[in-house]
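Hi,

Here is the structure I said I would pass on. Have a look at it first, and then read my notes below.

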Amino acid sequence: MYVLDLGNNRIQRWWSGSTYGVTIVSTSSLANGRGMSIDLSGDLIVADYVNHRIVSYNITCSLTTTTTSTAPPLTYASYQVCQNGVWNSSMATLAGTYNSAGSTTSLLSSPYDVFVDGNNNVFVADYSNNRIQRFAAGSTIGTNVAGITLSGGSGFNELYGPSAIFVTPNGVLYIVDTLNYRVQKWVYGEPLGLTVAGGRGLGTSYTQIGTSYGLYVDNQYNVWVSEYSNHRVTRWAAGNTAAGGRVAGGNGAGGASTQLYYPWGIYVSNISTVYIADRNNHRIQRWLSGATSGTRVAGTGVAGSAATQLSSPRAVIMDQFNYLYILDTGNNRVQRWALGATSGITIVSSTSFLTPSGMRFGPPGNLIVADMSRHRIVSFPISCRATSGTTVAGVTQSPGQWSYQLNYPTSVNFDQNGYMYVMDAGNNRIQRWGLGSTYGITLVSATSLLGNGKGINFNLLGDLIVADYSNHRIVKFPVTCSLTTTTTASYPTQSPNQVCQNGVWNISMIVIAGTTGVSGPNSTRLTIPYDAFVDGKNNTFVADYGNSRIQRCSAGSTVGTTVAGFTRTGGSGFSELRNPSSVYVTPDGILYILDNLNYRVQKWLPGEPLGFTVAGGRGSGTSLTQISAGYGLFIDDQYNVYVSEYGNHRVSMWTLGKTASGTRVAGGNGAGTGLTQLYYPWGIFVTSLNKVLYIADWQNHRIQKWLYGATSGITVAGVTGSYGSTANKLYGPKAVVVDQFDYVYILDTGNKRIQRWAPGATSGVTIISSTSWNNPTGMRLGPSGTITTTTMSTTIQPLNQVCSGSSWNSAFTVMVGTGTRGTSSTQLSSPMGIFIDDGQNIYVADYLNNRIQKFVYGATVGTTVAGATTAGSAANRLNRPSAIFVDSAGVMYIVDTLNYRVQRWPVAGGNGVGSNTNQLNCPYGIYVDTNETIYVVDRSNHRVQRWLRGATTGVTVAGQSGIAGSWSYQLNNPTHIKFDLMGNMYIMDAGNKRIQRWSPGSTYGVTVVSTTALLNGIGIAFDLAGNLIAVDYSSHRAVKFPISCLAYPLPCLTGSFNNTGWKVMAGSTSNPGSTSTTLRYPNDVYVDASQYIFVADSSNHRIQRFAPGSTLGTTVAGTGSSGSSLSELNFPTAIFVDSSRNMYIADGFNNRVLKWQIGAPMGVIVAGIAGPKTTLDTIASSYAIYVDAQSNLYVSECGNNRVTRWTKDNTTDGQLVRT
C-alpha cells in the first residue's frame, strides 16, 4: 500500500499486515500532494496541488526482481464446449411462452436474437416490442434495459425493431436498431443509448447502414454489422462513428465468391476472420481479414436438407475447437460443421421451431436459440463425457458365458435409447445391456457364422454390421421391429437448489416421512434419521441411522421402501450398512451413502442389491486412505466425493475413480478455532461454479468458506467459539446449503431454527423456527413445485438409431469381403475393427493386411486409405491395425496394435513430391496451434502451407507456390516458422537471408531482420524478452537479434524511487493557468493501462488527459467554467478510469459523482443529488473514489465522515460501509 502522507511531504509504502511504513519519497518539493497513481513502469505519479503540476518519481529496480501477475483483462462470456458434447433435443424455455406473443415482463413478441453474458443473464432483442429484455439467471421475468416505449421510436431512449444484441464483458450493450438503421451503444443501467454506426437513414453510402440483422463486437470494440439489404458486412472502428468500411460483399446480390445475398448472422474470430450466414445463398462464407472474396465453408449454395446442404441459415457461431454451429432455419435444425468438412452433423432438430433467428452458447455449452415466431427463447442442454470409467458390463477378469459375464469382448456400440451392444467374441454372441443393468440379453448367437467377431456397428436402418475376423468378411444381421414400441423416460435431473429471490417459508410444516414421536423399523417409521435428500421427482431419500438403511418415500407418500441396507441390525457386507448418516442422490439416480460406523462411502446403483465402496472402508483412522466417523457428504458435478470427517476435524475429497486415498481440502490441523482448523465439522456444501466449500463447523458455532485450493477458511456466518441465539450467532450448526443467489441457509440446530445469511452479511435472518424439533441434523432444498411440461418432437434419424422393440435376423448379408483371405481390393485378411461414417462409408481395420480399407456406400471394392500390405513402424505404415474411428472432420484414429501406438491419419502431405495443394516438396519447419491447425514450411515449393484439422489439402498462407523470389510477397527456400501471441508468423527466409513477419491474413511479409551474416539460417526462436534467436547452419553458431519495443517495461515489485531525479509530467511549476500545458490546483491523478495521465484540474473545472510523454493536455470532461449541468464540473476532486474507458469524476462542489465516457459530451450522475446533505442519497465533500471490478462505486465523504458504496445500476442511494 502506497500512502501519500501530505502533512509530512512524503510517500510511504506499507506492507500487508505491517504496523509501520517505509518512506520511499520524501521531498519538500511536494508543496501539497493530493492524488497519486502508478504507471506501467512502476513510477509514482503525483498531483502537486499548490504547484499546479503533475510530477513523476522514477523507479529503480534492484537486480534481483520478482515477477508479479496482473489480472487478465475481462473477456467475453466464453462458454467452453466439451469436445464430445451431445445436445439434448428436449429443450427448456428460458424466456417467453410458446406461441404467446405479448408485452408483459414474462412475454416476448418476435424475439430475433439472444445473448448470454458471463453472469448467465439472458438478453433478448424483443423485436416487435421495440425493447431489450434482460432475464436474470434462472428467472423467466424480464427487465427492460433498453428501449423505453413499446411502440418504438427514434429517440436516444427508444428503439424501433431491434434485431441483434451483443453484450461486452463490462456490461455495455450493442444493439442493431433495425428500422432506425443504426447501431446503438447502451451502457447497462443508463436511460439513453449512443449511436456508434449508421443513424443517417437507409442507404448504401458507408456513412449509412441498410436493414440489418447481424452484429458482432470484437475485443477491440470494433462493431461489425451484417447489412441484409446492402448485401454486405461493414466494420465500424471503435471511436469512429462517421463511416464504416466494407469487409465482405458489397458487390450486389449474388452467389459469386465476392458477393452475398441477404446476409444474416455473423461471427468474427480473434484474427478478424468473419463467418457469414449468407441466407439466400444457403451457405456459410468465410472472409479472411483484408480479403476481397470469401470461401464457402458450409452448404452447397442450393437449399436442401441433406447433410451437405443448408436452407436459409440465420446464425453462425464457433467453439474453441473451431467447429462451426449453424442455425439452419429452413430445416429447423442446428448443424455442427468442422472446418474443411463437406458435410455437417445435426446436433439439434425440432419440428416445433418456427423461424428460429438467433443463437448463442450459454453455460456450460448449452445452445440457446431465439425461436422468433414461437415468441420464446429455448435452451438445449449439453452432456459431456466423463474422464474415467466404471465397469458397466461383464465381471473384471472373470470370463464366462452367464448373462452377466463376457468372454473376450471386442467391440461396443450404442443405440439412441442408451442400450449398449457388445460383441462377445469368445461366446460367439452379441449382447444388449440396458442402462444400469447387471446382465445382458443375447440378440445374436451364431457359432457357425461368427468365426471370431471383432467390430460391430449399425447402418441407418438399424441392421447390425459385424467384422467377421476369421472368415475374412463383413456380415449384416437385419433388424426386425415390433409394431408396438415403447419409450423409456430418463431419470429426472437433480433438484437444483433454485429458490425465488424473495421467498418466505411457512412454519406450518408437513411431515413427509416417519411418524412424529414414534420410532420403528416398519415402512412408515424411522429411527433417528440423520439426513434426507429430495430428487427431481420429489422422491425423498432418508438416511435412517437407527435402522441402518436408506428409505425412499415417493412424492406425496409417507410409506417408505428400502433401497439400500437390507439388514436392519446393520453389518459390513456389500448389501449392508451400519448407521448411515448422510445420503446424496446424483441426477442419474445413483445413491452415495456415508456408511458411518463402517467408516466408508458406498455407491449404490438404483435397483441393485449391493453397493461398492468409493471412499474409506479401511477402518477408522487419520491416514488419507481412511475416514473417521462423519456426518456430511457431497457429490460435485464431476462425481468427486466430499466427506466431512467429524472425528478427524477435516473434509476430504475422493476424486472419481480413485478409491485408494482421498485429499485433504479443509481442516486436518487438529481440533481448534484457527482459520486452518475445524472442530467436529458436520454438514457440507460445494458450489458447482468454483468448487467453493461451505462447512458447518459444529463445535466452533460457525460456517466456514474454503475457496478451491485454499489452505485456510473464512468465517461467513456465526462467531467463532461463541454460541448464542442473536442474529449474528449460531449454536451447533449441523447443515448448510447455498442457493443460486449465493444466500447461505444454515440449520442452526441448538437454536432450533434455519437462518438465511446474505453474501457478505454480518447477521442472518431466521426463516424457520420450531420448538417441536428435537436435535435436527440434516437439511436440503427441494423442488419449487413448478410444473414442467414437455412436447414430443420428431427428428431425422441419426446414426445408431434403432427401434426400441427390435430383434435381429440371424440370416446375414455379406457387405464387403469375399469370405476368402487375400490382399486384393475386394478381399480382407482377418478384419478386426469397423467404422461406418455419416455417409454410410465403411472403414475396415484389415488386420493381417496391415491397412485400413474404405468401402464407399454400396461398393464391395475397397480403397487403401492408411497403411500398406507390408507391415512397418514408419509413420506411413501400420502393423496389425485392430480398431478404427473416424471423426466428423474425416480424421482417422487407428489402433496400431503391434507398433503399440494410436495413429492419427492423415496429417499433411503424403501424396508424393509436388506443388499441388495436397503435396509437399522437402518440408522443413512445422507449427501446430491450439486448434490443431498445422503450418508447414514447404521449402522447395517456397511457401508456407496451412492445413486445417482433418483437411486433405493445404492453403498457401505465405510465399508463391513453386516460385522463389525476394519480393515482400515471396520466399526463397524458407526453413522455419514461429508465431507470437498476436498471431503474427515469423519465417526464416533462408535464401533471401532475412526473417519476415506476416500478419494474420496478410498477402505479404515485413522484413524484421535482413543480414548477409546469415549464411544459411535454419531455425528461429524467441527468448523471454522477445529477442529473435537464429540458428546459422553454415556458420556453426546461434545468433541473437535484440528486440526494441515502443511499449513501457513491466514494473518490478520491489525497487527504489529517485528522490532528486523526478520530472514534471504535466503542468508548469508554480505557474497556474488554464491553457493546455498548465493546471490550476490539481487534486487527483490517474494513469490508465495505455499510460495516459488523467488529472482532476480542480480550479479549472475540468479533467485533462495527457498522452504518454506529452505535456500537452486535452480536456475530456468539463468546459473550463464551473457549472452544474451534465456537461459541466465544479471543482472536480477525484478521478477514476475503468477498463471500459469510463471516467468516474468526484464533482466536488456539485456533491455528486459523474460517469463520463471518454469522447462523450456529457456525463451521467451515478451518485449524489443536488446539495450536500447527510442522507444516504447524497454525498458531501468527496476527495476520493474507487470503482471495483463489478462496477460498484465507493465514495470517501470527507464532509460526512463516512464511506458509501453505490452498487452498479443503483443511482438512488448508497450503502454505508464505513463511518
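**Confidence first**

Over residues 483-496 the pLDDT stays under 50, and for that stretch the model has 27 contacts beyond four places in sequence. Keep in mind that this is a predicted model. Residues 784-807 are another stretch where pLDDT stays under 50, here with 49 contacts beyond four places in sequence. For the protein chain as a whole, the mean pLDDT is 83, and 87% of the residues reach 70 or more.

**The cores**

As a general point, nonpolar side chains in soluble globular proteins tend to be buried together. In this model, the largest nonpolar core has 74 residues, and W87, L173, I284 and L367 are the ones with the most contacts inside it. I looked further at I284: leaving aside neighbours within four places in sequence, I284 is in contact with Y275, I276, A277, T295, R296, V297, A298, L310, P313, V316, L324 and I326. There is also a second, separate core of 58 residues, with I593, I695, A696 and V738 among its members.

**Two open sheets**

One open sheet has four strands in the order β26-β27-β28-β29, with antiparallel pairing. At its edges stand β26 (315-318) and β29 (345-349); each has a single partner strand, so one side of each is left without a neighbour in the sheet. On average, neighbouring strands of this sheet are turned by 25 degrees against each other, direction ignored. If you zoom in on β28 (residues 333-338), you'll find four bridges joining β28 to β29, and the two run antiparallel. Within that pairing, V334 stands opposite V348 in β29.

The other open sheet is made of four strands too, ordered β75-β76-β77-β78 and paired antiparallel. Why does one side of β75 and of β78 lack a neighbour in the sheet? Because β75 (974-979) and β78 (1006-1010) are the edge strands, each with a single partner strand. The twist in this sheet averages 25 degrees from one strand to the next. Strands β76 (residues 985-989) and β77 (residues 994-998) run antiparallel and are joined by five bridges. Y986 has R997 as its bridge partner in β77.

**Two residues to click on**

Start with N941, which is found in the loop between β72 (934-938) and β73 (943-947). Buried or exposed, what would you say for N941? N941 has a relative accessible area of 3%, and because the cut-off for buried is under 20%, N941 counts as buried. Its side chain reaches the backbone oxygen of G914 at 2.8 Å. Not counting neighbours within four places in sequence, N941 is in contact with G914, S915, L920, N921, Q960, S961, G962 and I963.

Then try T863, placed in strand β67 (residues 863-867). T863 has a relative accessible area of 49%, so it is partly exposed. Which residues does T863 touch, once those up to four places away in sequence are not counted? They are I852, Q853 and K854. Of these, Q853 lies ten residues from T863 in sequence, and the two are 5.4 Å apart in space, C-alpha to C-alpha.

That's what I have so far. Let me know what you make of it.

Cheers

Technical notes:
Residues numbered from 1 in each chain as written. Predicted model: local features only at pLDDT ≥ 70, side-chain atom pairs only at ≥ 80, totals over all residues. Heavy atoms only, no water. Buried < 20%, exposed > 50% of the residue type's maximum accessible area, 1.4 Å probe, protein only. Polar contact = N/O pair within 3.5 Å; in protein donor to acceptor, adjacent residues only side chain to side chain. Contact = heavy atoms within 4.5 Å. Core = buried A, V, L, I, M, F, W, Y, C linked by side-chain atoms within 4.5 Å. Pairing = 2+ DSSP bridges. Axes fitted to C-alpha atoms, helices over the stretch in contact; angles between N-to-C directions. pLDDT = per-residue confidence, 0-100.
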